[in-house]
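Biologist: I'd like a close look at one part of this structure, please. Take me through the place where the chains meet, and don't skip the terms.

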Amino acid sequence: MSHIAKIELVIQSFDDLKEACQKLGFEFVENQKSYRWYGRWVGDTPMPEGVSVEDLGKCDHAIRVPGCLYEIGVVKQKNHFILLWDYYSVGGLSEKIGPNAGRLKQAYTVARVTKEARKKGYRVMEKKTEQGIRMVLTA
Amino acid sequence: MKEIVIDISDDGEVCIETKGFQGKACLEESQFIKDLLGKETAKKLTAAYYYGKEKVKKYLQLCG
């Protein structure tokens, strides 16, 4: 062992996000400018950085998850994307995408790392663990 | 064997661990993964990071 690092994921690749959606069976709708949510801000959670109440419901693209009433908004901010969604149980998203959209972030990370690591000549192995997914890159 | 291990939890948390590297090579080799994924929020260096090629000489008093 040499070092351990924690990373705060930032979605930088549009193509890898689309690929993640495809792998999960979600529909990525480019240029859809609004996403379905409760429709009214009730103030029960902090607003994501750079987002105001007026921004809610608006997006640059949207993700539709089968079986869910609500949708996920994909918003471009500077050189990355953020995901906006309503986790109200009625919408069904929390159950399908996991807490903090974990399942979607997992799929995105796998897509991104696999593609770029292979370009650099790494062999990539992936396996399911109790806590999530483990990827092992070997040169 | 040199490995870069990436654990992604079900709630989206990412942890990177390097194994089998000596010295600063672990940081250099894994930097591209960190750049791909986002911001590094914490780092812990392990004993192998400090292992170098210098030999440490120890003098032991054997008698008297």
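Modeller: Here is a walk through the shared sheet, the helix on it and, for contrast, another sheet.

A bit of housekeeping: this is a predicted model, where local features need pLDDT of at least 70, side-chain atom pairs count only at pLDDT 80 or more, and totals for chains, interfaces and linings use all residues. Residues are numbered from 1 along each chain as its sequence is written, while chains are lettered from A and ligands numbered from 1 in the order in which they are written.

Let's start with chain B. It holds one helix and three strands, in the order β-β-α-β along the sequence. Helices (H or I, at least four residues) and strands (E, at least two) are DSSP runs numbered from the N terminus. Of the 64 residues in chain B, 20% are buried; that label needs 20 or more other C-beta atoms within 10 Å of a residue's own, with 12 or fewer counting as exposed, anything in between as partly exposed, and the C-beta atoms placed from the backbone.

Now for where chain B touches chain A. The contact takes 37 residues from chain B and 32 residues from chain A, where two residues are in contact if their C-beta atoms, placed from the backbone, lie within 7 Å. On the chain B side, E1, E2, H1 and E3 each give two or more residues, and E3(B) gives the most, with eight residues. That side divides into 19 nonpolar, six polar and 12 charged residues. In this count Ala, Val, Leu, Ile, Met, Phe, Trp, Tyr, Cys and Pro are nonpolar, Asp, Glu, Lys and Arg are charged, and the others, Gly among them, are polar.

The part to look at is an open sheet of six strands built from both chains, with the order E6(A)-E7(A)-E1(B)-E2(B)-E1(A)-E3(B) and antiparallel pairing. Strands pair here if DSSP finds at least two bridges between them. E6(A), residues 123-128, and E3(B) are the edge strands, each pairing on one side only. On average, neighbouring strands are turned by 20° against each other, direction ignored. For angles like this, axes are lines fitted to C-alpha atoms, for helices over the stretch in contact, and values run from 0 to 180 degrees between N-to-C directions.

Follow E1(A) and you'll see chain B on both sides of it in the strand order. Towards E2(B) there are five antiparallel bridges: Ile7(A) stands opposite Val14(B), and Ala5(A) has Ile16(B) as its bridge partner. Towards E3(B) there are seven bridges, again in the antiparallel sense, and there Ala5(A) stands opposite Lys43(B). Within chain B, six bridges join E1(B) to E2(B), which run antiparallel, with Ile4(B) opposite Thr18(B).

Helices from both chains pack on these strands. H3(A) touches E1, E6 and E7 (132-138) of chain A together with E1 and E2 of chain B, and its direction makes about 10° with that of E7(A). H1(B) lies across E1(A) and all of E1, E2 and E3 of chain B, running at about 160° to E2(B).

H1(B) deserves a second look. It covers residues 25-37 and bends by about 40° at Gln31(B); the bend is the angle between axes fitted to the seven residues ending there and the seven starting there. Cys26(B), Ser30(B), Ile33(B) and Leu37(B) are its buried residues. They pack against E1(A) and H3(A), residues 102-119, as well as E1, E2 and E3 of chain B. Just after the helix, Gly38(B) takes a positive phi of about 155°.

For contrast, chain A also has an open sheet of four strands, E2-E3-E4-E5, with antiparallel pairing. E2(A) and E5(A) stand at its edges, each with a single partner strand, so one side of each is left without a neighbour in the sheet. Its neighbouring strands are turned by 25° against each other on average, direction ignored. E2(A) and E3(A) share three bridges, with Phe28(A) opposite Ile63(A). Four bridges join E3(A) to E4(A), and the two form a hairpin with six residues between them, where Gly67(A) in the turn has a positive phi of about 85°. E4(A) and E5(A) pair over five bridges, with Lys76(A) opposite Phe81(A).
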